[in-house]
Amino acid sequence: MRTLATLLLLSLITFAPTAGRAEDKRIVMIAGKPSHGSGEHEHRAGVLLFQKCLAGFPGVTVEVYTNDWPADSSVLKGASAVVIYSDGSDGHPALQDDHLQLLGSLMKQGTGLACIHFAVEPTTEKGQKEFLDWIGGCFEINRSVNPHWNAEFKTLPDHPITRGLKPFSMKDEWYFNMRFRDGMTGVKVILAAVPPPDTMYRADGPHEGNPAVRAAVGRGEPQTVAWASERPDGGRGFGFTGGHFHRNWGDDNFRKVLLNGILWVAKVEVPADGVNSTVTSADLEQNLDQKGGKPKAKPATVTVPVVK
């Protein structure tokens with residue numbers, strides 16, 4: 001019993017919001033329920049890692065809520081940004097109950113929104129209109145695809161989110177052929193790469209392929225896999241389709257673009273060299289979900305910068 005009580009106490013300490021000053025920008029991170037295999041879709045471990053990386057950043061307080069939507073939605077009140085790292089589609093935490101309406105009220109107040117990996121996928125029936133308004137783009141079934149591939153980011157745009165980044169490559173489940181606002185109004189491409197032909201190895205399906213995307217890949221068209229958006233009301237959005245493999249957060253560039261994006265949607269000035277942080281193999285093994293056995297994360301892969 002003492003062991004159980006100790007574990008419960010440690011759990012409370014682990015998930016307690018970081019202390020901050022009243023004038024700090026509050027960033028609220030929501031991690032979805034456990035999903036996929038060990039080292040994949042590690043929502044809980046991911047947001048806790050982001051919290052660690054931003055700990056001590058001046059003017060910012062990061063709060064983390066795990067295992068789906070916060071039990072008390074009032075914690076979102078006054079947030080400068082909401083970050084969601086979770087499964088999507090019908091299981092998306094933002095699509096449950098009245099959560100879309102709650103987010104909508106925050107968006108009207110200028111709150112930023114960042115969605116990571118599967119969390120960029122609402123449903124066409126519920127959430128798609130809002131996601132296009134709030135973050136500028138989303139995954140659309142029977143249009144967008146989700147293959148695993150090595151994306152080479154050879155050039156980077158001039159934007160606060162790309163500060164401190166160098167051209168890099170990374171293998172992940174990068175979604176592409178996304179649905180964006182008409183004319184890409186208010187949307188800025190942050191990461192784009194040309195998918196190789198083998199991304200189309202699967203038969204056509206709601207997430208696997210379709211004639212239009214096969215033709216685009218055949219033409220060698222660059223595909224947007226991360227983007228920033230601005231709303232007419234001044235609010236900001238960020239969509240990042242990577243994040244399937246937890247180990248990838250060990251890569252400095254991969255992690256930096258996400259951390260920069262979180263600050264940007266919260267309207268926090270991104271440093272000239274971006275958010276610098278250090279993540280060790282031990283850090284990547286912390287807070288992993290139990291998924292049919294002892295969780296284990298692979299060490300971070302070393303990626304070679306792409307030569308222009």
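Between which two strands does the loop that holds Met184 lie? In this predicted model, Met184 is found in the loop between β8 (179-180) and β9 (187-193). The residue has a positive phi of about 55° although it is not a glycine. Most residues other than glycine have a negative phi. Met184 counts as partly exposed, because its relative accessibility of 29% falls between the limits of 20% for buried and 50% for exposed. A positive phi, here of about 65°, is also found at Asn67, again not a glycine. Asn67 belongs to the loop that runs between β2 (60-65) and β3 (81-85). With a relative accessible area of 49%, Asn67 is partly exposed.

The protein as a whole comprises seven helices and eleven strands. It has 308 residues, of which 55% count as buried. Among contacts with a separation of 6 or more, 76% are made by residues 24 or more positions apart.

Strand β1, residues 25-31, is mostly covered, and six of its seven residues are buried. The strand runs parallel to β2, to which six bridges join it. Within this pairing, Ile30 has Tyr65 in β2 as its bridge partner. Between the two strands the chain passes through helix α2 (residues 43-54), and the resulting β-α-β crossover is right-handed. Strand β1 is also joined to β3, by five bridges, and these two strands likewise run parallel. Ile27 is bridged here to Ala81 of β3.

Aromatic rings form 14 pairs in the structure. In the pair of Tyr85 and Trp249, the ring centres are 6.1 Å apart and the planes stand at 85°, so the arrangement is edge-to-face. Tyr85 is part of strand β3, whereas Trp249 is in the loop between β11 (236-240) and α6 (252-265), so the pair ties together parts that are 164 residues apart in sequence. Tyr85 and Trp249 are both buried. The pair of Phe139 and Tyr175 is edge-to-face as well, because the planes of the two rings meet at 75°, with 5.2 Å between the centres. This pair, too, links distant parts of the chain, 36 residues apart: Phe139 is in the loop between β5 (137-138) and β6 (149-153), and Tyr175 is in the loop between β7 (168-172) and β8. Phe139 is buried, with a relative accessible area of 1%. Tyr175 also counts as buried, at 3% relative accessibility.

Ring pairs further link a set of residues into a cluster, made up of Phe50, Tyr85, Phe153, Phe168, Trp174, Phe238, Phe240, Trp249 and Phe254. A ring is also involved in a contact of another kind, in which Arg247 lies over the face of Phe245, at 4.5 Å from the ring centre.

Which residues of the largest nonpolar core touch the most other members? Of its 54 residues, these are Ile27, Met29, Trp174, Leu191, Phe240 and Trp249. Helix α6 supplies the largest share of this core, with eight residues. Trp174 illustrates the packing. Leaving aside residues up to four places away in sequence, Trp174 touches Val145, Pro147, Trp149, Ala151, Phe153, Leu191, Val225, Phe240, Thr241, Gly242 and Phe254. A second core, separate from the largest one, has 31 residues, including Val75, Leu113, Ala119 and Val187. Several residues of the largest core recur in the aromatic cluster: Trp174, Phe240 and Trp249 are named in both.

Gly220 is located in the loop between α5 (211-218) and β10 (223-230). Gly220 counts as partly exposed, at 33% relative accessibility. Its C-alpha atom is separated by 8.6 Å from that of Pro197, and the two residues are 23 residues apart along the chain.

Key. Residues are numbered from 1 along each chain as its sequence is written. This is a predicted model: local features need pLDDT of at least 70, side-chain atom pairs count only at pLDDT 80 or more; totals for chains, interfaces and linings use all residues. Side-chain values use heavy atoms; hydrogens and water are left out. Helices (H or I, at least four residues) and strands (E, at least two) are DSSP runs, numbered from the N terminus. Buried means under 20% relative accessible area, exposed over 50%, partly exposed in between (1.4 Å probe, protein chains only). Two strands pair if DSSP finds at least two bridges between them. A crossover is right-handed if, with the strands pointing away from the viewer, the path from the first strand over the helix to the second runs clockwise. Rings of Phe, Tyr and Trp (its six-membered ring) pair if their centres lie within 6.5 Å; planes under 30 degrees apart count as stacked, over 60 as edge-to-face and the rest as tilted. A charge sits over a ring if NZ of Lys or CZ of Arg is within 6 Å of the ring centre and within 35 degrees of the ring normal. A nonpolar core is a set of buried Ala, Val, Leu, Ile, Met, Phe, Trp, Tyr and Cys residues joined through side-chain atoms within 4.5 Å. Contact means heavy atoms within 4.5 Å.
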